[in-house]
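Subject: Structure for you to look through

Dear colleague,

I am handing over the structure below, and I would be glad if you kept it open beside this message while you read. My notes on what was found in it follow straight after.

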Amino acid sequence: TYEKLWLVAAMVLIVGFIATITYGSVALGITMVGDQEDTIEPGELGEDERFDDPRVEQVGENEYEAYVIAQTFIFQPDPIEVPENSEVTFYVTARDVIHSFSVVGTNTNTMAIPGEISTMTVEFDEPDEYGIVCNEYCGSGHHNMEGELHVL
Ligand code: CUA
């Protein structure tokens, strides 16, 4: 009957969607693990020693923490370098005005807000080079604000 045909067509569509999504995340070699936000007092950035020296730190066999500062119109550190097959927790804040930390071609994207720390854990499976851009309008140099993320 026609009803059965529609049912089959709907199933094919759904399976197709799932396949596309699965293929998409495998092809990128990137997985989002979690998302949360910490708070620091506004103006406290200078006293928060974790951001004294924006850097990537190894905290476990395959685990890393990246302390990232966005400010007009750069990201620090630049480039951010992490090894392949690593799980990286990003701690992102802004020094001056609101920016974003957006890794081009992935769903790794967070606001960078003065006085707040955005936290995000991402797995990097394969060596690659990603661009980092700012998606929040932050002044005259906004569209030139970019950095790089290297998976080595
Ligand atoms: Cu920073 Cu736009």
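Before the first residue is discussed, one cut-off is needed: a residue is called buried when its relative accessible area is under 20%, exposed when that value is over 50%, and partly exposed in between. Please also keep in mind that this is a predicted model.

A good place to begin is His150, which sits in strand 11. Is His150 buried or exposed? Its relative accessibility is 13%, and because that value is under the cut-off of 20%, His150 counts as buried. If we leave aside the neighbours within four places in sequence, the residues in contact with His150 are Pro79, Ile80, Glu81, Val82, Asp128 and Glu129.

The pairing of the strands helps in reading that list. Strand 11, which covers residues 146-151, pairs with strand 5 (residues 80-82) in the parallel sense over three bridges, and within this pairing Val82 stands opposite Val151. Strand 11 also pairs with strand 10 (residues 128-133), here in the antiparallel sense and over six bridges, and His150 is the bridge partner of Glu129.

From strand 5 we can move on to the nonpolar core. The largest one holds 24 residues, and those that touch the most other members are Ile80, Phe90, Phe101, Phe124 and Leu149. Several strands give two or more residues to this core, among them strand 3 (63-71), strand 6 (86-94), strand 9 (116-124) and strand 11. Ile80 is in contact with Val56, Val68, Phe90, Phe101, Ile132, Glu148, Leu149 and His150, again leaving aside its neighbours within four places in sequence. There is also a second, separate core of five residues, which includes Phe51, Tyr67, Tyr91 and Ile117.

Some of these names return among the aromatic rings, where the count comes to six pairs. In one of them, the rings of Phe75 and Phe101 have centres 6.0 Å apart and planes at 75 degrees, so the pair is edge-to-face. This pair links distant parts of the chain, since Phe75 lies in strand 4 (residues 74-76) and Phe101 in strand 7, with their positions 26 residues apart in the numbering. Both Phe75 and Phe101 are buried. In another, the rings of Phe90 and Phe101 have centres 5.3 Å apart and planes at 45 degrees, so this pair is tilted. It too links distant parts of the chain, with Phe90 in strand 6 and Phe101 in strand 7, eleven residues apart, and Phe90 is buried. Ring pairs join Phe75, Phe90, Phe101, Phe124 and Tyr130 into a cluster.

Turning to charged side chains, how many salt bridges are there? The count comes to one salt bridge, formed by Arg55 and Glu57, whose closest N and O atoms are 2.7 Å apart. Neither partner counts as buried: Arg55 has a relative accessibility of 24% and is therefore partly exposed, and Glu57, at 29%, is also partly exposed.

Last come the cysteines. The structure holds zero disulfides. Cys134 is buried, with a relative accessible area of 5%, and Cys138, at 11% relative accessibility, counts as buried as well.

With kind regards

Notes. Residues numbered from 1 in each chain as written. Predicted model: local features only at pLDDT ≥ 70, side-chain atom pairs only at ≥ 80, totals over all residues. Heavy atoms only, no water. Pairing = 2+ DSSP bridges. Helix = DSSP H or I, 4+ residues; strand = E, 2+ residues; numbered from the N terminus. Buried < 20%, exposed > 50% of the residue type's maximum accessible area, 1.4 Å probe, protein only. Contact = heavy atoms within 4.5 Å. Disulfide = S-S within 2.5 Å. Core = buried A, V, L, I, M, F, W, Y, C linked by side-chain atoms within 4.5 Å. Salt bridge = Lys/Arg side-chain N within 4 Å of Asp/Glu carboxyl O. Phe/Tyr/Trp six-rings, centres within 6.5 Å; stacked < 30°, edge-to-face > 60°.
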